[in-house]
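This report introduces a protein chain to a reader who has not met it before. The sequence and the structure are shown first, and selected features are then described.

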Amino acid sequence: MELRSGNVSLILLMVATLSFINSCMRTSASNSTQATPSPLVTGKTFDSADLKKLRWIEGTWRGTGGGVAPFVERYRFESDKVLAVEGFEGEKLDKVTDVTRFELKDGEFGGGSEGSRYVASSIDDKSITFEPVTKARNSFRWERESENSWKAIISWPANDKGPAKQRLYQMESWPPR
């Protein structure tokens, strides 16, 4: 078979078009399997002094509310840059079921679990707010109420499946003091 210049041009055009379509399909497929990250709060940097403001959260806490069974978590600083959150099975504190670490690195304080990632957008003496970065849509806030209690507020933005919503968990010292 003899190729003429018109046929070669047509073949090259078809190959280029198919390559472009394939590239678009790969990009679309990868975007559909990941949650769309929220616009990351840029310019927010933190240091170890900011994390010292969070020392009130250290301890063992029993959470209630949000339509779930009570749960127990322990919050502790492993260093001046790492906060570990341990989840327990039941209220006896004899079996850790999961650990999430939030780490200060390059001015960013963040962490997550199961592929999701969050970063702090604000820290003060009574609260910290986290925004989603990857594989998550919700933000959350830990807000101190007293020496023995604080609340976790989880917020989801509105989307095509429904309006914005919030869930509140009341966290109390455990065992009670």
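In which strand is Lys-165 found? Lys-165 belongs to strand 10, which covers residues 165-173. On the surface, Lys-165 gathers with Arg-137, Lys-161 and Arg-167 in a patch of positive charge.

The model is a predicted one, and its confidence can be stated for the chain and for one stretch. The pLDDT of the chain averages 82, and a score of at least 70 is reached by 76% of the residues. Over residues 5-38, by contrast, pLDDT stays under 50. For residues 5-38 the model has 11 contacts beyond four places in sequence.

Two features of the backbone also deserve attention. Most residues other than glycine have a negative phi, and most peptide bonds are trans. Leu-93 is not a glycine, yet its phi is positive. The peptide bond from Trp-174 to Pro-175 is cis. The table gives the angles and places.

| Feature | Angle | Place |
|---|---|---|
| Leu-93, positive phi | about 65 degrees | loop between strand 3 (82-88) and strand 4 (96-105) |
| Trp-174 to Pro-175, cis peptide bond | omega near -10 degrees | Pro-175: segment after strand 10 |

Strand 10 thus links two parts of this account: Lys-165 is found in strand 10, and Pro-175 is found in the segment after strand 10.

How values were computed: Residues numbered from 1 in each chain as written. Predicted model: local features only at pLDDT ≥ 70, side-chain atom pairs only at ≥ 80, totals over all residues. Heavy atoms only, no water. Patch = residues over 30% accessible without salt bridge, like charges linked within 9 Å, V, L, I, M, F, W, Y side chains within 5 Å. Areas by Shrake-Rupley, 256 points an atom, 1.4 Å probe, with all protein chains shown as cover. Salt bridge = Lys/Arg side-chain N within 4 Å of Asp/Glu carboxyl O. Lys, Arg positive; Asp, Glu negative; His and termini not counted. Charge placed at Lys NZ, Arg CZ, Asp CG, Glu CD. Helix = DSSP H or I, 4+ residues; strand = E, 2+ residues; numbered from the N terminus. pLDDT = per-residue confidence, 0-100. Contact = heavy atoms within 4.5 Å.
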